[in-house]
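Please read the points below alongside the model, which is a predicted one. They are set out by topic, from the overall layout to single residues.

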Amino acid sequence: MHDIKGGRHTLAIHGGQVVDPLYGAVSVPIYQTSTFAFLSAEDGAGKFAGEIEGYKYTRLGNPTVKALEDSVAVLENGYAGLATASGMAAITAVYMTFLSKDSHIVSTDAVYGPSRLVIEKHFSRFGVESTYIDTSNIELIKKSIKKNTKVLYIETPANPTLMLTDIAACAKIAKEHNLVLVVDNTFMGPHYQRPIELGADVVVHSMTKSLNGHSDVVAGMIVTKNKELYKQIQAVHFSTGGTIDPNQAWLVLRGIKTMPLRVEKSSDNALEVAKFLEKHPKVKWVKYPGLKSHPQYDLAKKQMTGFGAMMCFEVEGGVEGGKTVMNNVKLSTLAVSLGGIESLIQHPASMTHAGMTKENRAGAGITDGMIRFSVGCEDCRDIIDDLDNALNKIGAAKAEGGKTMSKAKK
Ligand code: LCS
């Protein structure tokens with residue numbers, strides 16, 4: 001299935017691409033159909049019995065979706081992929097496959113808010129137990145494993161703290177304790193980090209982010225290291241129905257062809273931006289895996305081949321200082337999501353991670369004044385000038401705000 005060979009750019013352009021057998025279309029056609037005609041009653045029965053290869057119904061498979069699944073499986077160096085309607089649909093299908101009543105999951109505390117919320121609020125209703133910890137601490141992971149632990153779920157780098165977890169060390173622990181190691185690879189993406197090569201069992205993605213890269217699609221992906229895990233998750237995915245639409249799948253497939261170019265450009269920009277922020281007088285600290293000041297810089301170099309587009313930083317003046325920056329950037333867009341071609345800025349405590357309790361946020365290192373920045377592919381100088389201008393408004397903003405108020409009163 002994945003006999004394509006070559007470098008990372010070649011794989012992104014050619015992986016999963018099949019020549020259209022009908023007209024030779026170079027771009028994979030969008031098979032916008034919910035159902036597929038059978039040649040005969042026997043053909044239909046054979047396809048449902050799995051004796052004849054072929055498509056039956058789009059929830060159970062579609063050629064455009066398959067091309068996307070093959071493309072990401074190639075990039076992740078996995079066995080096969082399952083595309084989903086969103087990243088959360090992918091994560092939920094994986095949880096549902098491996099967790100059941102009285103089973104237990106150990107997970108990174110600073111995961112994307114809803115990845116934790118769905119366990120603590122919903123899976124808990126069905127008797128699933130969970131422990132959320134700082135998974136950068138390998139000893140803590142070992143201590144948190146119980147007799148009924150089935151899944152070790154990590155997000156690295158974590159959203160939004162940029163804390164890293166050692167994937168290879170987790171793979172070793174998972175093997176020893178017979179756990180399924182699931183890695184959310186959304187932040188880094190397969191261009192710079194391939195968890196299956198480091199021993200992970202399952203990789204999940206929000207393809208809404210850098211894989212698609214244009215902030216115009218919500219989508220998810222699951223890639224497994226082997227057939228057995230694939231079949232287990234596929235059974236849950238097909239019956240719960242978090243299927244991706246063929247049109248949406250095609251858009252992501254198109255986005256992936258330029259993913260390495262975008263990721264390299266935004267990462268180059270991000271390193272410059274992070275260095276600039278680190279020296280700015282209005283910035284207290286910056287967390288970016290490519291900075292030597294990142295506490296896990298050595299691990300970043302070990303398990304990633306680049307440092308990505310994501311960073312977080314704390315400005316002077318706490319929440320108010322953060323608001324000033326977000327309200328004064330002109331080039332960067334104040335919006336959640338990440339990994340787009342454009343720079344996006346947001347405030348995790350009041351936006352993406354607002355669903356978590358204040359205690360859980362504090363425990364996970366998500367401070368009230370933290371700003372998360374997804375660096376885009378604009379000219380780096382423009383991104384930096386924009387941030388500089390907004391940061392310099394901290395402190396000066398009160399006077400400006402006052403002016404606006406008095407104007408409004410008049
Ligand atoms: N995993 C990670 C690491 C994410 O950042 C997100 C979404 C998801 C999973 C879920 O993917 P979705 O269902 O949205 O496709 N992260 C978002 C964020 O940080 N801002 O807005 C969405």
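1. Domain layout. The C-alpha centres of domain 1 and domain 2 are separated by 25 Å, and the contact between these two domains draws on 40 residues from domain 1 and 41 residues from domain 2. In the assignment used here, domain 1 is made up of 8-30 + 61-257, whereas domain 2 covers 260-399. As the model is predicted, the points that follow should be read as descriptions of computed geometry.

2. Position of the ligand. Where does the ligand lie with respect to domain 1 and domain 2? Residues of the shell around the ligand come from both domain 1 (8-30 + 61-257) and domain 2 (260-399), and the ligand therefore lies between them. The shell holds 19 residues, of which Asp 184, Ser 206, Thr 208, Ser 337 and Arg 372 come nearest to the ligand.

3. Make-up of the shell. Sorted by residue class, the shell around the ligand has seven nonpolar, eight polar and four charged members. Helix α4, which spans residues 87-98, gives the most to this shell, with three residues.

4. Polar atoms facing the ligand. A polar side-chain atom of Thr 208 is placed 2.6 Å from an oxygen atom of the ligand, while a backbone N or O atom of Gly 87 lies 2.9 Å from a ligand oxygen atom. For Ser 337 the atom concerned is a backbone N or O atom, and its partner, at 2.9 Å, is a nitrogen atom of the ligand. The ligand taken alone exposes 480 Å², and the protein buries 92% of that area.

5. Surroundings of His 353. This residue belongs to the loop between β11 (344-346) and α13 (358-363). Is His 353 buried or exposed? With a relative accessibility of 0%, His 353 falls into the class of buried residues, because that class takes in values under 20%. Its side chain reaches the backbone oxygen of Val 111 at 3.4 Å, and the side chain of His 353 also makes a polar contact of 2.9 Å with the side chain of Thr 352. When neighbours within four places in sequence are left aside, the residues in contact with His 353 are Val 111, Tyr 112, Gly 113, Asn 159, Pro 160, Pro 348, Arg 361 and Ile 366.

6. Cis peptide bonds. Two of the residues just listed, Asn 159 and Pro 160, are themselves joined by a cis peptide bond, for which omega is about 10 degrees. A cis peptide bond also joins Thr 156 and Pro 157, with omega at about -10 degrees. Pro 157 is found in the loop between β4 (149-155) and α7 (167-177), and Pro 160 likewise lies in the loop between β4 and α7. A colleague checking the backbone may wish to view these bonds together with the surroundings of His 353, given that Pro 160 is in contact with that residue.

7. Positive phi angles. Which loop holds Asn 77? Asn 77 sits in the loop between α3 (63-76) and β1 (80-84), and although this residue is not a glycine, its phi is positive, at about 55 degrees. Its relative accessibility of 45% makes Asn 77 partly exposed. Asp 102, again not a glycine, has a positive phi of about 70 degrees and is placed in the loop between α4 and β2 (104-108). With 42% relative accessibility, Asp 102 counts as partly exposed.

8. Two helix residues. Thr 10 has its place in helix α1, residues 8-14, and is partly exposed, with a relative accessible area of 34%. Not counting residues up to four places away in sequence, Thr 10 touches Lys 5 and Gly 15. From Thr 10 to Met 370 the C-alpha to C-alpha distance is 38 Å, with these positions 360 residues apart in sequence numbering. Glu 139, in helix α6 (residues 138-144), is partly exposed with a relative accessible area of 46%. The C-alpha atoms of Glu 139 and Tyr 192 are 26 Å apart in space, and the two residues are 53 residues apart in sequence.

Methods: Residues numbered from 1 in each chain as written. Predicted model: local features only at pLDDT ≥ 70, side-chain atom pairs only at ≥ 80, totals over all residues. Heavy atoms only, no water. Near = heavy atom within 4 Å. Polar contact = N/O pair within 3.5 Å; in protein donor to acceptor, adjacent residues only side chain to side chain. Areas by Shrake-Rupley, 256 points an atom, 1.4 Å probe, with all protein chains shown as cover. Helix = DSSP H or I, 4+ residues; strand = E, 2+ residues; numbered from the N terminus. Nonpolar A, V, L, I, M, F, W, Y, C, P; charged D, E, K, R; others polar. Domains from an automatic or database assignment. Buried < 20%, exposed > 50% of the residue type's maximum accessible area, 1.4 Å probe, protein only. Contact = heavy atoms within 4.5 Å.
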